[in-house]
Amino acid sequence: MRSLYISQQGCYLSLQQEQILIKQGQTVLDQVQLPLLEQILIFGKSQVTTQVIRECLRREIPIAYLSRMGYCYGRILPISRGYRSLSRYQQQLLNTDRLIVARTIVQAKLRNSRVILQRQQRRRPSEVIAQSIQSLSYLTEQAAQTESIDRLMGLEGAAAASYFNALGECFTGDGFVFVARSRRPPGNPVNALLSFGYQVLWNHLLSLIELQGLDPYHACLHQGTERHAALASDLVEEFRAPMIDSLVLYLVNRGVVNADQDFTYHDGGCYLNDAGRKKFLRAFLQRMEETLNVEGDQAQPRWDTLNQQVKLYKQFVYNPVQGYTPYLIR
Amino acid sequence: MLLYIVTYDIPCDKRRKKVSDLLEGYGRRVQYSVFECVLTTGKYDELQRRLKQRIKLQEDSVRFYPLSGHTLAQVEVWGGEPVTQMPGSVIV
């Protein structure tokens, strides 16, 4: 998915024939070809001219407006995209089918989290990690037998607490201490990285969901409201650990990000600054463009696995009996 | 995804500007009237459809050369930029 990320502040995007010209003051930072673009993400305060917006609408290129830490305020979509062809099918899904898929998603999330911990355990064995690996297996079994969404969410919460506790053991970078997950606002650099990463991934999934014509407001695990694109939240679960947590581990433990230089503290929270955001996005893109070998298939970039899952969900909507096959790492 | 070489010969300044503006969106100018474009078949069709509306076939000539993976490996470049790669995402 070819995206344009505007992570610097005070940029000005204008149309120049078939290209978008990105300026900051008088300097031209870059030029991007419109016909080959798939989405635009704007972090913080930058201006987009109406001409650019109109061209993007015509070409069905969504523009997402996000806060500097990645929270999505809203998106600009063409009016035709509002027609969600699969919405009717999604509304007709039976509660039992939804529960089954919700269980599948939670189980996949727990399994993937467990694999990430197991990888760390092989590198640096620790008692806390061993314990968490055990409790994650137990909770995965429990999740398989759960009969209500609320209880499922409860199990997921318990698993997350145990998992993040163990993940804290895995950070070795200078100046990075991670005791527990804190969000809204993130309390320290590791939490800032995790929050930002989840938000970026969530937004990409939302774009892919829209592209497939699914209604993002109807989901299985998360309760959809008109204000919450719950399907993106559902599908992001199985990717959190393998795509974001492992990336954050890499960034911190290899010293790619710097605890003193890449963060800023304000409003009682810790956030990535311009330099940190850029570093994160670079590493994120590099990782998403890396190809991996999926069982039996030929190599494909991580981007495709995201799209693959959205398509699998679509198949489930068409044919609920089949169920949903989640993304599992080994 | 294939690499296409698109070349043109257009006597009218106005039409030539229009064609080169369009091609700037799909590929990279490597010589005055030669573009290299890495495109999916969908985008290639779109480019051709849009180009057709901007040229006059009686006077202009546009040529498209798709390169297969086999011949792409044998491309040589003397001077100037290396062969165009698939465009990636952009971070600003």
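Helices here are DSSP runs of H or I with at least four residues, strands are DSSP runs of E with at least two, and both are numbered from the N terminus. With that in hand, take Glu46(B) and Lys43(B): both sit in helix 2 of chain B, three residues apart, about one turn of the helix.

Some ground rules before going on. This is a predicted model, in which local features need pLDDT of at least 70 and side-chain atom pairs count only at pLDDT 80 or more, while totals for chains, interfaces and linings use all residues. Residues are numbered from 1 along each chain as its sequence is written, chains are lettered from A and ligands numbered from 1 in the order in which they are written, and side-chain values use heavy atoms, with hydrogens and water left out.

**A sheet shared by two chains**

Let's start with the open sheet of five strands, ordered 8(A)-7(A)-5(A)-1(A)-5(B), with mixed pairing. Two strands count as paired if DSSP finds at least two bridges between them. At the edges are strand 8 (72-76) of chain A and strand 5 (90-91) of chain B, each pairing on one side only.

Strand 5 (residues 39-43) of chain A pairs in the parallel sense with strand 7 (residues 63-66) of chain A over four bridges. On that side, Leu41(A) has Ala64(A) as its bridge partner, and Phe43(A) has Leu66(A). Strand 5 of chain A also runs parallel to strand 1 of chain A, again joined by four bridges, and there Leu4(A) stands opposite Ile40(A).

Why is strand 5 of chain A described as largely enclosed by the rest of the structure? Five of its five residues are buried, so the description follows directly. Buried means under 20% relative accessible area, exposed means over 50%, and partly exposed is in between (1.4 Å probe, protein chains only). Gln39(A), Leu41(A) and Phe43(A) point one way from the strand, Ile40(A) and Ile42(A) point the other way, and all are buried.

The link to the other chain comes through strand 1 (residues 3-6) of chain A, which runs parallel to strand 5 of chain B and is joined to it by two bridges. Tyr5(A) stands opposite Ile91(B) there.

**Where the chains meet**

The size of an interface is often given as the accessible area lost when the parts come together. Chain B and chain A bury about 1700 Å² between them, 55% of it on carbon and sulfur atoms; that area is what the two parts lose on being put together (1.4 Å probe), summed over both. In contact terms (heavy atoms within 4.5 Å), 18 residues of chain B touch 25 residues of chain A.

The rule finds nine residue pairs in polar contact across this interface (both at pLDDT 80 or more). A polar contact is a pair of N or O atoms within 3.5 Å; within protein, one must be able to donate a hydrogen and the other to accept it, and residues adjacent in sequence count only if both atoms are side-chain atoms. On the side of chain B that touches chain A, the elements giving two or more residues are helix 1 (13-26), helix 2 (41-52) and strand 5 of chain B. Helix 1 of chain B provides the largest share, six residues.

**Salt bridges**

Side chains of opposite charge can pair when their charged atoms come close. The cut-off used here is a side-chain nitrogen of Lys or Arg within 4 Å of a carboxyl oxygen of Asp or Glu, and by this rule the count is 17 salt bridges over all chains. Across the interface of chain B and chain A the rule finds one.

Here are four of the pairs:

| Pair | Closest N to O distance |
|---|---|
| Glu18(A) and Arg50(B) | 2.7 Å |
| Arg240(A) and Glu237(A) | 3.1 Å |
| Glu46(B) and Lys43(B) | 3.3 Å |
| Glu147(A) and Arg103(A) | 3.9 Å |

Glu18(A) and Arg50(B) also belong to a network of salt bridges that links them with Glu55(A), Arg58(A) and Arg59(A).

How exposed are the partners in the other pairs? Glu147(A) is exposed, with a relative accessible area of 64%, while Arg103(A) counts as buried at 16%. Arg240(A) is partly exposed at 21%, and Glu237(A) counts as buried at 3%. As for the opening pair, Glu46(B) counts as buried at 19% and Lys43(B) is partly exposed at 25%.
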